[in-house]
Amino acid sequence: EEHYKNIVKLASGYDIECLIFDPSATSLRETISRHDDFEDYRGARNNVIEGISYTTTLLCNHKLYISEECEHLLQELAVYSWDSDSSVDAVIKENDHACDALRYFCNTIAKSEIDLEYSEEDEDNDI
């Protein structure tokens, strides 16, 4: 409930089209549903490696830009790193909330929008 109230406070004054959250946050999902303040809300696509790869692709291809006003995100990106002690590809999960939010957006919303855009272009080309 407290976390939800903070989300509502942060969202105040913004036209929120969709609220994306960590898919493991089942109690948050229930709270959002109970209050019915957000029209569209969903758990993020949470494949970490896929999400990092897609976010990197968007940045490198100038499809995504990060404002210098996103100070916390820029600070986190500067220290975001791979866990060299892990036997599989894994990032160090410290001070990464803004990075997770960016990855959630890219892999859940941007990917769907871009896939739809390409799909519609393919349909146009077939005519």
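Me: How many helices and strands does the chain have?
Reply: In this predicted model, the chain has five helices and two strands, and reading along the sequence gives the pattern α-β-α-β-α-α-α.

Me: And what share of the residues is buried?
Reply: Buried residues account for 26% of the 127 residues in the chain. The accessible surface comes to about 9400 Å², with 48% of that belonging to carbon and sulfur atoms.

Me: What about contacts, how many join residues at least 24 apart?
Reply: Taking the contacts between residues at least 6 apart in sequence, 54% join residues at least 24 apart.

Me: Switching to packing, which residues make up the largest nonpolar core?
Reply: The largest nonpolar core has nine residues, namely Tyr-54, Leu-58, Leu-64, Leu-73, Ala-98, Cys-99, Leu-102, Cys-106 and Ala-110. Helix 3 (48-60) and helix 5 (97-126) each supply at least two residues of this core, and the largest share, five residues, comes from helix 5.

Me: Which residues are in a second, separate core?
Reply: The second, separate core has eight residues, among them Ile-7, Ala-11, Leu-19 and Ile-32.

Me: Back to the largest core, what is Ala-98 in contact with?
Reply: Once neighbours within four places in sequence are left aside, Ala-98 is in contact with His-72, Leu-73 and Glu-76. For a distance to set beside those contacts, Ala-98 and Leu-77 lie 8.6 Å apart in space, C-alpha to C-alpha, with their positions 21 residues apart in sequence.

Me: Where does Leu-77 sit, and what does Leu-77 touch?
Reply: Leu-77 is placed in helix 4 (residues 71-79), and it counts as partly exposed, with 33% relative accessibility. Not counting residues up to four places away in sequence, Leu-77 touches Ile-66 and Cys-99, and Cys-99 is one of the nine residues of the largest nonpolar core.

Me: Since cysteines came up, how many disulfides are there?
Reply: The count comes to zero disulfides, where the rule asks for a pair of cysteine sulfur atoms within 2.5 Å.

Me: Is Cys-60 buried or exposed? And Cys-106, buried or exposed?
Reply: Cys-60 is exposed, with a relative accessible area of 56%, whereas Cys-106 is buried, with a relative accessible area of 0%. Cys-106 also belongs to the largest nonpolar core.

Me: Aromatics next. How many aromatic pairs are there?
Reply: The count comes to one aromatic pair. Tyr-4 and Phe-38 form this pair, and it is edge-to-face, with 6.3 Å centre to centre and 85° between the planes.

Me: Which parts of the chain does the pair tie together?
Reply: Tyr-4 lies in helix 1 (residues 2-11), while Phe-38 lies in the loop between helix 2 (26-35) and strand 2 (41-43), so the pair ties together parts that are 34 residues apart in sequence.

Me: Are those two rings on buried or exposed residues?
Reply: Tyr-4 counts as buried at 2% relative accessibility, and Phe-38 is buried as well, with a relative accessible area of 9%; the cut-off for buried is under 20% relative accessible area.

Me: What else is in contact with Tyr-4, say from helix 2?
Reply: His-35, whose place is in helix 2, is in contact with Glu-1 and Tyr-4 when its neighbours within four places in sequence are left aside. His-35 is partly exposed, with a relative accessible area of 32%. The C-alpha atoms of His-35 and Glu-1 are separated by 10.0 Å, and these two residues are 34 residues apart along the chain.

Me: What sits over the ring of Tyr-54?
Reply: The charged end of Lys-111 sits over the ring of Tyr-54, at 5.2 Å from the centre of that ring. Tyr-54 is itself one of the residues of the largest nonpolar core.

Me: Last topic, backbone angles. What is the phi of Asp-36, and where is Asp-36 found?
Reply: Asp-36 has a positive phi of about 60° although it is not a glycine. Asp-36 is found in the loop between helix 2 and strand 2, and it is exposed, with a relative accessible area of 60%.

Me: What about the phi of Asn-95?
Reply: Asn-95, although not a glycine, has a positive phi of about 45°. Its place is in the loop between helix 4 and helix 5, and Asn-95 is exposed, with a relative accessible area of 61%.

How values were computed:
Residues numbered from 1 in each chain as written. Predicted model: local features only at pLDDT ≥ 70, side-chain atom pairs only at ≥ 80, totals over all residues. Heavy atoms only, no water. Buried < 20%, exposed > 50% of the residue type's maximum accessible area, 1.4 Å probe, protein only. Helix = DSSP H or I, 4+ residues; strand = E, 2+ residues; numbered from the N terminus. Contact = heavy atoms within 4.5 Å. Areas by Shrake-Rupley, 256 points an atom, 1.4 Å probe, with all protein chains shown as cover. Phe/Tyr/Trp six-rings, centres within 6.5 Å; stacked < 30°, edge-to-face > 60°. Lys NZ or Arg CZ within 6 Å of the ring centre and 35° of its normal. Core = buried A, V, L, I, M, F, W, Y, C linked by side-chain atoms within 4.5 Å.
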